[in-house]
Amino acid sequence: MTWLPLLATLLGAVIALGSTLLVERRRERREDSIERRKTKREVYARYLAAHAETRTQLRVLSVASDLTDEERGYRAFTAYAACYAPRYELAVLAPQSVLTLAIEFDKRARDLRDVVIEGTNIQSQGGERMQRYLAAMKLVHTAMRADLGADDGS
């Protein structure tokens, strides 16, 4: 009979320790999920911001008449170069559903860059390529929002 209180105490300690570990594990998972979502949000924002800046620079270059072909080409390549680092960050972090669309979006951005290098005004004559670029951007943006759960009220 003297062992019964000791066993009850031991069983109580095991139950308390088990529940504490379970609660701690759930808390860690929740914090990891929150941190991962925050990181994705930052990477997605950098990626889209880099493309927005590149698009702006390409538009300006496409109407600049005082540039030589060589200078326009150099500036267009430089403008697009800002998209490389965010794309590599995206490749590490984003799910395949976002990454596939981002790769297509990057192709459309390079097409736009190449049109500018050719000396075409993308606002007047490069409209078709600009529309494909904007459509690809919209798909990427939608996929990113879906991945972040931005449209489900959370």
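Start by selecting Trp3, Leu6, Leu7, Leu10 and Val14, which together make a nonpolar surface patch of about 560 Å² in what is a predicted model. Within that patch, click on Leu10, which belongs to helix H1, spanning residues 3-63. Leu10 counts as exposed because its relative accessible area is 52%, and the cut-off for that word is over 50%.

Stay on helix H1 and select Glu24 together with Arg27, whose side chains form a salt bridge with the closest N and O atoms 2.1 Å apart. The two residues are three places apart in helix H1, so about one helical turn separates Glu24 from Arg27. Glu24 is partly exposed, with a relative accessible area of 30%, and Arg27 is also described as partly exposed, with a value of 30%.

Next on helix H1, select Lys40, which lies in that helix. Is Lys40 buried or exposed? Its relative accessible area is 11%, so Lys40 is buried, given that buried means under 20%. To see what surrounds Lys40, show Leu93, Pro95, Asp147 and Leu148, which Lys40 touches when residues up to four places away in sequence are not counted.

The next selection in helix H1 is Thr54, which is buried with a relative accessible area of 2%. Leaving aside neighbours within four places in sequence, Thr54 is in contact with Ala79, Tyr80, Ala82 and Cys83. If you draw a distance from the C-alpha atom of Thr54 to that of Ala64, ten residues apart along the chain, you should read 15 Å.

Now move to helix H2, residues 69-81, and select Arg72. Although its side chain can carry a label in your viewer like any other, look at its surroundings before its surface: Arg72 counts as buried at 7% relative accessibility. Its contacts, apart from neighbours within four places in sequence, are Leu61, Ala64, Leu67, Val116, Ile117 and Gly119.

The aromatic rings come next, and a search of the whole structure finds three aromatic pairs. One of them is formed by Tyr80 and Tyr84, an edge-to-face pair with 5.4 Å from centre to centre and 80° between the planes. Tyr80 is buried at 1% relative accessibility, whereas Tyr84 is partly exposed at 34%. Keep Tyr80 selected and add Arg113, whose charged end sits over the ring of Tyr80, 5.2 Å from its centre. Then return to Tyr84, which is found in helix H3, residues 84-93; its C-alpha atom is separated by 9.4 Å from that of Asp106, 22 residues apart along the chain.

For another charge over a ring, select Arg87 and Tyr88, where the charged end of Arg87 sits over the ring of Tyr88 at 5.2 Å from its centre. After that, show Tyr47, Phe105 and Tyr133, which ring pairs link into a cluster.

Finish in helix H4, residues 96-117, by selecting Glu104 and Arg108, which lie four residues apart, about one turn of the helix. Glu104 and Arg108 form a salt bridge with the closest N and O atoms 2.5 Å apart, and Glu104 is partly exposed at 30%. Which residue should be added to Arg108 for another salt bridge? Select Asp111, whose side chain meets that of Arg108 at 2.7 Å, N to O. Arg108 and Asp111 are three residues apart in helix H4, so about one helical turn separates them.

Key: Residues are numbered from 1 along each chain as its sequence is written. This is a predicted model: local features need pLDDT of at least 70, side-chain atom pairs count only at pLDDT 80 or more; totals for chains, interfaces and linings use all residues. Side-chain values use heavy atoms; hydrogens and water are left out. Rings of Phe, Tyr and Trp (its six-membered ring) pair if their centres lie within 6.5 Å; planes under 30 degrees apart count as stacked, over 60 as edge-to-face and the rest as tilted. Buried means under 20% relative accessible area, exposed over 50%, partly exposed in between (1.4 Å probe, protein chains only). A charge sits over a ring if NZ of Lys or CZ of Arg is within 6 Å of the ring centre and within 35 degrees of the ring normal. Patches are made of residues with over 30% relative accessible area and no salt bridge: like charges are joined within 9 Å, nonpolar side chains (Val, Leu, Ile, Met, Phe, Trp, Tyr) within 5 Å. Accessible areas come from the Shrake-Rupley method with a 1.4 Å probe; for residues, only the protein chains shown count as cover. A salt bridge is a side-chain nitrogen of Lys or Arg within 4 Å of a carboxyl oxygen of Asp or Glu. Contact means heavy atoms within 4.5 Å.
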